[in-house]
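Work through the exercises below with the sequence and the model open. Each task is followed by a solution in steps.

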Amino acid sequence: MTEETKSLRAAMPHGPGTHRAAVLHGPKDLRVEERPVPVPGPGEVLVRIAAVGLCGSDLHYYAHGENGPNVLRAPTVLGHEPSGVVVAAGPGAGHHEPGTPVAVEPAHPCGRCALCRAGRYNLCPRGTCFGSPPTDGALTEYLVAPEGFVHPLPASMDVRHGALIEPLAVAVHAVRRSGIAPGDRVLVTGAGPIGLLVLQVALASGAASVTVSDVAGARLRHAAELGAGTVGAAELTPEPARATALADPDGFDVALDCSGNGGALVGAIRALRPGGTAVVVGNPSAPVTELPLAWMQRQEMSLVTAFRYAGDFPAAIALAGTGRIRLEPLVTASFPLDRADAALTAALTDRSQLKVLVEPGLATASGALSGTRQEGQDRG
Ligand SMILES: [Zn+2]
Ligand SMILES: [Zn+2]
């Protein structure tokens with residue numbers, strides 16, 4: 001018996017056997033299937049999934065079978081925001097004891113190209129990502145991952161909230177890219193999960209104030225509870241006469257667009273002081289043709305983009321561990337794995353949802369669950 005088989009036997013006394021995975025076959029065609037439990041290879045660990053957060057890219061694949069340039073061509077398991085517990089290690093993987101609660105970093109670069117070696121591995125042209133076809137994702141009971149991309153969570157943290165470490169890492173990376181300095185006045189456009197996390201990371205990074213804008217009043221109330229000043233999205237749209245004048249010296253030092261809406265990005269840029277910085281965080285849904293480049297140049301404004309994260313998971317986990325970043329208010333519903341299609345539908349159609357979790361450990365029978373664990377229950 002190999003070491004690998006021994007550790008698997010210890011973790012799973014009834015043998016590796018099979019587990020369930022939510023597999024997308026085509027738009028709106030999600031099937032829960034039995035598959036063999038994966039065996040961790042050299043340098044890999046096996047994680048029993050506690051929770052997986054659903055995110056915009058999952059919803060694009062579920063609704064349309066594609067996400068930007070990526071197209072679903074063969075059945076693929078979705079999900080790239082997993083947390084769980086290490087249950088077994090492959091040969092040579094020994095950094096995490098079985099039983100360690102972890103968040104799993106889903107994007108895996110080649111590790112050898114110039115960008116990877118420079119630490120900018122989020123830009124690796126040969127990387128893969130869980131839940132990005134054809135790479136299977138985390139909407140399963142068990143997941144194998146390289147141990148260097150498996151990050152221990154503090155014991156004080158609810159392991160299910162580890163599913164929010166991936167979007168929190170996006171927020172940490174965006175705030176790093178923004179260069180926010182102590183005392184800065186910050187604007188965040190878009191109060192979805194990423195915007196609400198960017199808001200909190202900006203405050204933790206020394207921003208004097210953060211103002212959040214959104215078209216949805218309910219989302220602005222979440223932002224206010226998390227320490228933001230709020231403003232309706234319409235108020236940010238400058239009148240044409242004002243848009244040609246010089247920027248307001250009392251404008252924002254930094255603006256981060258987390259909406260992916262071109263109009264919101266331009267509104268955010270227009271709200272900057274001269275010399276301010278705008279950061280593109282949300283995926284722009286369409287080309288932004290009205291970008292006021294000449295106006296920006298005359299006032300030496302900076303336009304920065306941020307993509308995923310590179311080395312940001314440990315900082316995200318450390319911040320969440322201090323309690324200064326609150327993850328719980330972002331979780332608005334949980335569904336068992338067998339109802340992953342209902343979870344995706346809720347995230348897609350119910351505007352009151354922020355982060356919807358799929359929890360393979362939740363019992364399937366509806367009505368059998370109680371309290372805040374109730375399936376699909378609004379926790380907001
Ligand atoms: Zn995501
Ligand atoms: Zn690379």
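**Exercise 1: Parallel strands and crossovers**

Asp257 has Val280 in β17 as its bridge partner. The model used throughout is a predicted one.

Task: Find how strand β16 and strand β17 pair, and over how many bridges.

Solution.
- Step 1. Locate the strands: β16 covers residues 252-257 and β17 covers residues 272-280.
- Step 2. Their pairing is in the parallel sense, over five bridges.
- Step 3. Add helix α9 (residues 262-270): with β16 and β17, α9 makes a β-α-β unit that is right-handed.

Task: Follow the chain on from β17. Which residue in β18 is the bridge partner of Val280?

Solution.
- Step 1. β17 pairs with strand β18 (residues 302-305) in the parallel sense, and four bridges are found.
- Step 2. Val280 has Thr305 as its bridge partner in β18.
- Step 3. Between β17 and β18 the chain runs through helix α10 (residues 293-298), in a right-handed β-α-β crossover.

Task: Describe the unit that contains strands β14 and β15.

Solution.
- Step 1. Strand β14 (residues 209-214) and strand β15 (residues 229-232) run parallel and are joined by four bridges.
- Step 2. Opposite Thr211 stands Gly229 in β15.
- Step 3. Helix α6 (residues 217-225) completes a right-handed β-α-β unit with β14 and β15.

**Exercise 2: An open sheet**

Task: Give the strand order of the open sheet that contains β1, and state which strands stand at the edges.

Solution.
- Step 1. The sheet has three strands in the order β2-β1-β6, and the pairing is antiparallel.
- Step 2. β2 (29-36) and β6 (76-77) each have a single partner strand, so they stand at the edges and one side of each lacks a neighbour in the sheet.
- Step 3. Check the β1 to β6 pairing: strand β1 (residues 18-26) is joined to β6 by two bridges. Leu24 has Thr76 in β6 as its bridge partner.

**Exercise 3: Helix packing**

Two packed helices are described by the angle between their axes and the distance between the axes.

Task: Characterise the packing of α4 with α5. Is the pair oblique or roughly perpendicular?

Solution.
- Step 1. The axes of helix α4 (residues 165-178) and helix α5 (residues 193-204) cross at roughly 55° and come within 8 Å.
- Step 2. The two helices are therefore oblique to each other, α4 against α5.
- Step 3. The crossing of α4 past α5 is right-handed.
- Step 4. Residues of α4 in the contact include Leu168 and Val172, while those of α5 include Leu197 and Val201. By class, the α4 with α5 contact has 13 nonpolar, no polar and no charged residues.

Task: Repeat the analysis for α4 and α11. Which residues meet?

Solution.
- Step 1. α4 packs with helix α11 (residues 313-322) at an angle of about 105°, and the axes are 8 Å apart.
- Step 2. This makes the two helices, α4 and α11, roughly perpendicular.
- Step 3. Ile165, Leu168, Ala169 and Val172 in α4 meet Phe313, Ala315, Ala316, Ile317 and Ala320 in α11.
- Step 4. Nine nonpolar, no polar and no charged residues make up the contact of α4 with α11.

Task: What are the classes of the residues in the contact of α2 with α12?

Solution.
- Step 1. Helix α2 (residues 56-64) and helix α12 (residues 340-349) have axes that come within 10 Å and cross at roughly 105°.
- Step 2. α2 and α12 are therefore roughly perpendicular to each other.
- Step 3. Asp58, Leu59, Tyr62 and Ala63 in α2 meet Leu344, Ala347 and Leu348 in α12.
- Step 4. These divide into six nonpolar, no polar and one charged.

Key:
Residues are numbered from 1 along each chain as its sequence is written. Chains are lettered from A and ligands numbered from 1 in the order in which they are written. This is a predicted model: local features need pLDDT of at least 70, side-chain atom pairs count only at pLDDT 80 or more; totals for chains, interfaces and linings use all residues. Axes are lines fitted to C-alpha atoms, for helices over the stretch in contact, and angles run from 0 to 180 degrees between N-to-C directions. Angles under 35 degrees count as roughly parallel, over 145 as roughly antiparallel, 65 to 115 as roughly perpendicular and the rest as oblique. A crossing is left-handed if the near helix is turned anticlockwise from the far one by less than a right angle, and right-handed if clockwise. Two residues are in contact if their C-beta atoms, placed from the backbone, lie within 7 Å. Ala, Val, Leu, Ile, Met, Phe, Trp, Tyr, Cys and Pro count as nonpolar, Asp, Glu, Lys and Arg as charged, and the others, Gly among them, as polar. Two strands pair if DSSP finds at least two bridges between them. A crossover is right-handed if, with the strands pointing away from the viewer, the path from the first strand over the helix to the second runs clockwise.
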